[in-house]
Amino acid sequence: MKNRRELAGWGRTNPSVATIHPAGDDAELVALVTQADRRGVLARGLGRSYGDAAQNGGGLVVDMTSRNRVLSVDTDTLLVGLEGGVSLDQLMRLLLPMGLFVPVSPGTRQVTVGGAIAADIHGKNHHVDGSFGRHVVAMDLLCADGSIRTLTPESELFWATVGGMGLTGLVLRATVRMKRVESAYCLVDTERCPNLDDLMQRMAEGDHRYTYSVAWIDCLAHGSSLGRSVLTRGWSAKVDQLPARLRDHALDFRPKQLAVAPPVFPSGLLNRASVAAFNEAWYRKAPQERRGEIQSIAAFFHPLDGVAQWNRIYGPKGFLQYQFVVPFGAEDTLRRCIEMLSDTGQASFLAVLKRFGESSPGHLSFPTPGWTLALDVPIGAAVLGGLLDRLDEEVLAAGGREYLAKDSRLPASAMARMYPRLDEWRGVRRAADPNGVFTSDLARRLGL
Amino acid sequence: MKDAIGNVQRVVVLGGTSDIALATVRRLVGQRQDVQVTLAARAGDRRVAAASSLEAMGMKVDEVDFEAADRTSYEHAIASAFEAGGDVDVVIVAFGVLGDQERAWQDLDAALDLVQVNYTAAVACGVLVAKRLREQGHGAIIAMSSVAGERPRKSNFVYGSTKAGLDAFYTGLGDAIAADGVQVLVVRPGFVHSKMTDGLAAAPLSQTPEQVAEIIVEGLAAGRQTVWAPAKMRWVMSGLRHLPRAVFTRLPV
């Protein structure tokens with residue numbers, strides 16, 4: 001049963017070796033947790049965190065994906081009971097035909113509900129619906145003492161777990177409130193924005209009219225084109241908005257996997273020239289303005305899921321994702337950060353810009369009201385470390401923060417300054433897990 | 001824990017006054033200076049000076065007594081180095097002596113002293129450090145070998161034999177613990193201008209400790225198991241190793 005092997009995050013950068021244990025039933029997990037040695041225990045889902053959040057070097061990593069049963073579905077209350085290892089992909093396939101959609105969807109369906117809670121994930125609807133944790137009405141948490149506690153949003157431990165990066169316990173089960181939808185399609189408006197000012201103005205003025213909003217920025221454009229982008233916004237489509245041919249099968253959801261990236265990609269395939277060419281072509285191909293286009297949920301939310309293992313295209317050195325949020329009013333910081341990225345020419349496929357709404361009560365939950373930018377960067381350039389350290393300083397000076405589910409290189413000193421409620425969270429965690437049974441490489445690296 | 005960029009958080013140096021090791025630490029910490037370094041070395045002015053030079057760069061330095069001739073000393077030093085903080089990212093095995101070649105092959109005590117420090121203690125430390133790093137599931141060991149181990153020559157074969165033994169041990173150790181997430185990098189420098197070679201005439205392809213450090217840090221980041229310093233020393237030594245003995249012994253090396 002036990003299996004010692006190397007685990008890495010989605011960015012494939014800093015792996016470590018741990019003992020992997022497939023999650024069994026509750027009793028087996030209780031035994032694992034109560035017998036853990038000092039290297040501790042950590043739950044792992046589908047491994048989509050970019051950095052070391054789902055690694056526990058030298059310790060035990062429980063693979064939760066085998067606990068993937070949906071336990072109850074109530075189409076009246078919209079409440080769904082499920083095990084922590086259920087993936088959003090599985091939920092969409094099962095529930096869309098019943099007219100239910102996940103309350104929050106990130107850029108991939110390949111995440112588990114346990115992971116979605118641990119990272120308090122967000123999606124294109126954060127400005128109206130908030131993060132994932134807000135839609136969780138209860139969860140069963142296996143704690144360090146071997147007890148299974150049913151937590152509701154009234155409890156502090158609930159909010160220490162939402163965004164708590166798996167460090168409070170194992171999410172065995174959760175009850176999540178879904179959204180009602182009439183179709184598996186979205187009604188999408190697309191606008192091409194020639195520069196950052198134009199983009200931010202459109203988003204600030206119009207986002208509130210849409211359920212979903214996100215902009216893709218070409219971070220290699222500079223000068224008067226700095227921040228040129230394509231803004232896509234939309235709503236879940238109602239049946240009468242669909243073309244006639246789709247109306248009879250409005251809730252069909254059969255996303256296809258188009259390709260699998262081959263296992264070996266050379267380093268440096270994504271260089272400044274190839275990425276600049278891609279970004280240029282992508283910008284040119286977008287319509288100046290298009291209203292009311294019908295897109296499938298898969299195409300609108302999860303374009304990258306069409307290529308399995310797409311993380312391989314960055315080659316053996318891997319890549320990282322840098323995602324930060326700065327408060328509204330810190331638009332100058334956002335501009336400076338994009339300028340710094342553009343000036344150093346750190347090749348990045350499109351960066352994603354979005355506006356966050358209200359924070360969740362999670363102590364370490366990432367989203368706070370403001371602008372969030374996320375971009376992928378290949379590892380390799382000598383300037384990268386220094387550039388990102390300088391970006392950290394910009395983000396900190398503006399009162400912003402970075403997203404732990406993406407992080408693989410933040411200095412511990414910056415972490416404490418970005419998350420002012422860290423000490424409060426530590427107190428709740430200490431009360432629930434005084435010996436630090438639940439731990440991870442990320443926790444050790446950041447001194448959480 | 002080493003991060004995605006290669007920034008390290010904790011480094012332990014066994015033989016903490018080694019010029020090459022200190023240059024490697026300075027290079028390894030690069031842009032971020034908030035690194036915890038443990039210098040295990042004989043107590044004295046040299047260790048104090050080494051510690052303060054790193055502290056002046058912003059590193060946090062602990063000093064631990066370490067005596068390569070004494071088993072209880074290195075067992076204690078490694079235990080306390082690992083227990084003094086979080087996970088250790090890099091351990092540099094840098095202690096060693098050049099010895100007096102003429103005494104070392106004729107005087108029993110001199111020979112055994114050299115073997116104890118350069119080989120026996122190096123193997124012992126390798127065993128102890130490997131156990132700790134395996135428990136972490138990640139980390140790296142940098143072991144200072146020498147080109148002198150590649151082909152024994154009359155002028156320093158006792159030293160060379162200890163380095164040949166060290167080299168074989170750490171090369172094999174690297175294969176043995178790769179599956180535990182631990183990288184072992186064996187470093188084979190040629191002549192390096194350092195306190196060890198002070199007063200000796202420099203050999204061809206001689207290097208500064210900083211040049212060796214650069215090669216080490218690049219090799220570490222690239223995941224290599226062996227590096228030569230300078231890189232072309234590999235081809236020089238490969239040539240020398242295959243020379244017929246009758247020719248080799250006539251060379252002025």
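Reader: What follows helix 7 of chain B, and what is the sign of its phi?
Author: B:G223 follows helix 7 of chain B, and its phi is positive, near 75°. Helices (H or I, at least four residues) and strands (E, at least two) are DSSP runs, numbered from the N terminus. This is a predicted model: local features need pLDDT of at least 70, side-chain atom pairs count only at pLDDT 80 or more, and totals for chains, interfaces and linings use all residues. Residues are numbered from 1 along each chain as its sequence is written, and chains are lettered from A and ligands numbered from 1 in the order in which they are written.

Reader: How do you know that the span of helix 7 of chain B agrees with 1.5 Å a residue?
Author: The expected span is 1.5 Å times one less than the number of residues. Helix 7 (residues 209-221) has 13 residues, so 18 Å is expected; its end C-alpha atoms are 18 Å apart, which agrees.

Reader: Why is A:D120 called buried?
Author: Buried means 20 or more other C-beta atoms within 10 Å of a residue's own; exposed means 12 or fewer, partly exposed in between, with C-beta atoms placed from the backbone. A:D120 has 30 such neighbours, so it counts as buried. Its phi is near 40°, positive in a residue other than glycine.

Reader: What makes A:M165 buried?
Author: A:M165 has 24 C-beta neighbours inside 10 Å, so it counts as buried. Its phi is also positive, near 55°. A:M165 sits in the loop between helix 5 (156-161) and strand 10 of chain A.
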